[in-house]
Amino acid sequence: MRRAALFLLLTGLLANGQELHWENGYDQSLDFNCPAGQSISYIKSQHDNHHEDRMWEFGCKDTFDSGADCFVSPYVNDFDQTFTYECPPHHIITGMSSYHSNKHEDRRWQFYCCRSNSHCTANCEWTTYVNWFDELFHWTVPNQNYLVGAESYHENKHEDRRWKYKYCSKVQC
């Protein structure tokens, strides 16, 4: 009996610890940027039908060995609209920012892009859609590759988005 209680207690603590990694709450703004010299290594997102929104979690990996030139994009979509965004050539996504509208049950998105003078991107590919509507997803940038773009469409029936990502390898310029 004590072992079962201890197991449930530890499971609860671990589950609560997982929740601490979300970068935003439902219906709240999101503004995530990796530490200097790093870029996004994974994206995890959970949809909630009650809030008709997603919470987001990101991981980062070492990317730039010297100073990087960075900027944030303008908003790439209006509510309920499809978008395809790619950082300019040889730039890598280091963060994402968005805000939620309860009226539209959707988000507008911006992306942080950086580049280093010593590296270029090459051999780029788009994923297929990484999620279905209303589901948790966890997508990891393939090893030796870097995130450079995102594509998404919104469906009012589900009040959710499906996502594709573009990634490239990094080569000497």
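This passage describes the strands, aromatic pairs and nonpolar cores of a single protein chain. The structure is a predicted model. The protein chain contains one helix and eleven strands, and along the sequence these elements follow the pattern α-β-β-β-β-β-β-β-β-β-β-β. Of its 173 residues, 46% count as buried. Among the contacts between residues at least 6 apart in sequence, 73% join residues at least 24 apart.

The pairing of strands can be illustrated with strand E2. Strand E2 (residues 38-48) is paired with strand E3 (residues 53-62) in the antiparallel sense, over ten bridges. Four residues lie between the two strands of this hairpin, where Glu 52 takes a positive phi near 50°. Strand E2 also pairs with E9, again in the antiparallel sense, over four bridges. Ser 45 takes part in both descriptions: this residue stands opposite Trp 56 in E3 and opposite Phe 137 in E9.

Aromatic residues were examined next. A pair of aromatic rings is described by the distance of the centres and the angle of the planes. A search of the whole structure yields 17 aromatic pairs. One of them is formed by Phe 79 and Tyr 99, whose rings are 5.6 Å apart from centre to centre, with 90° between the planes. This pair is edge-to-face, because an angle over 60 degrees is assigned to that class. The pair links distant parts of the chain, 20 residues apart: Phe 79 belongs to the loop between strand E4 (69-72) and strand E5 (83-86), whereas Tyr 99 belongs to strand E6 (residues 92-101). With a relative accessible area of 16%, Phe 79 is buried, because its value is under 20%. Tyr 99 has a relative accessible area of 28% and is therefore partly exposed.

An edge-to-face pair is also formed by Phe 133 and Tyr 153, with 5.7 Å between the centres and 85° between the planes. Here too the pair links distant parts of the chain, 20 residues apart. Phe 133 is placed in the loop between strand E8 (119-126) and strand E9 (137-140), and Tyr 153 in strand E10 (residues 145-155). Phe 133, at 15% relative accessibility, counts as buried, while Tyr 153, at 21%, counts as partly exposed.

Ring pairs also join a number of residues into a cluster, among them Phe 32, Trp 56, Phe 58, Phe 83, Trp 109, Phe 137 and Tyr 165. Charged side chains are found over aromatic rings as well. The charged end of Lys 61 sits over the ring of Tyr 146, 4.4 Å from the ring centre. Arg 162 lies over the face of Trp 132, and the distance to the ring centre is 4.1 Å.

The surroundings of Tyr 99 involve further parts of the chain. The C-alpha atom of Tyr 99 is separated by 6.7 Å from that of Gln 28, although the two residues are 71 residues apart along the chain. Leaving aside residues up to four places away in sequence, Tyr 99 touches Ser 29, Tyr 75, Phe 79, Asp 106, Arg 107 and Arg 108. Arg 108 is located in strand E7 (residues 106-115) and, at 18% relative accessibility, counts as buried. The side chain of Arg 108 reaches the backbone oxygen of Asn 77 at 2.8 Å. With the same sequence neighbours excluded, up to four places away, the residues touched by Arg 108 include Tyr 75, Asp 78, Phe 79, Ser 97 and Tyr 99. Phe 79 is thus listed among the contacts of Tyr 99 and among those of Arg 108.

The buried nonpolar residues were also grouped into cores. The largest nonpolar core has 23 residues, and those with the most contacts inside it are Ile 43, Trp 56, Met 96, Leu 147 and Tyr 165. Apart from residues up to four places away in sequence, Met 96 touches residues including Leu 30, Phe 32, Ile 40, Ile 43, Phe 58, Trp 109, Phe 111, Leu 147 and Tyr 165. A second, separate core has six residues, including Phe 64, Cys 114, Tyr 146 and Val 148. Tyr 146 of this second core is the residue whose ring lies beneath the charged end of Lys 61.

Methods. Residues numbered from 1 in each chain as written. Predicted model: local features only at pLDDT ≥ 70, side-chain atom pairs only at ≥ 80, totals over all residues. Heavy atoms only, no water. Phe/Tyr/Trp six-rings, centres within 6.5 Å; stacked < 30°, edge-to-face > 60°. Buried < 20%, exposed > 50% of the residue type's maximum accessible area, 1.4 Å probe, protein only. Lys NZ or Arg CZ within 6 Å of the ring centre and 35° of its normal. Core = buried A, V, L, I, M, F, W, Y, C linked by side-chain atoms within 4.5 Å. Contact = heavy atoms within 4.5 Å. Polar contact = N/O pair within 3.5 Å; in protein donor to acceptor, adjacent residues only side chain to side chain. Pairing = 2+ DSSP bridges.
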